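Here is a short report on one part of a protein model. Keep the sequence and the 3D view open as you read.

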Amino acid sequence: MKNAGIVFLVFAALNLIVAIIASANGAASAAGSKFSATLLLGAIGGLLYYFGSKKDKSDKDM
């Protein structure tokens, strides 16, 4: 789960870069949808990374 979270966070960062480029070129609707996708990917990636790290930590304690 931790690795999947990292992948989602990387996609979120790349999506944010695309949103910034789209807003610089005047495509406001595309930038808005890319930004909302960035937030969604970031939230999912953050949760997967958090719970993956928590699971790894609990496995090492045993």
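## Helix H1 and the loop after it

In H1, five named residues are buried: Gly5, Ala12, Asn15, Ala19 and Ala22. Buried means under 20% relative accessible area, exposed over 50%, and partly exposed in between, with a 1.4 Å probe and protein chains only. Helices here are DSSP runs of H or I with at least four residues, numbered from the N terminus.

This is a predicted model: local features need pLDDT of at least 70, side-chain atom pairs count only at pLDDT 80 or more, and totals for chains, interfaces and linings use all residues. Residues are numbered from 1 along each chain as its sequence is written, and side-chain values use heavy atoms, leaving out hydrogens and water.

Take two asparagines.

| Residue | Place | Relative accessibility |
|---|---|---|
| Asparagine 15 | helix H1 | 11%, buried |
| Asparagine 25 | loop between H1 (2-24) and H2 (28-61) | 64%, exposed |

What does asparagine 15 touch, leaving aside residues up to four places away in sequence? Its contacts (heavy atoms within 4.5 Å) are Lys34, Ala37, Thr38 and Leu41. The side chains of asparagine 15 and lysine 34 also make a polar contact, at 3.5 Å. That term means a pair of N or O atoms within 3.5 Å; within protein, one must be able to donate a hydrogen and the other to accept it, and residues adjacent in sequence count only if both atoms are side-chain atoms.

Now the loop. Glycine 26, just after H1, has a positive phi of about 95 degrees. From asparagine 25 to valine 7, the C-alpha separation is 27 Å, with their positions 18 residues apart along the chain.

How values were computed. Helices (H or I, at least four residues) and strands (E, at least two) are DSSP runs, numbered from the N terminus.
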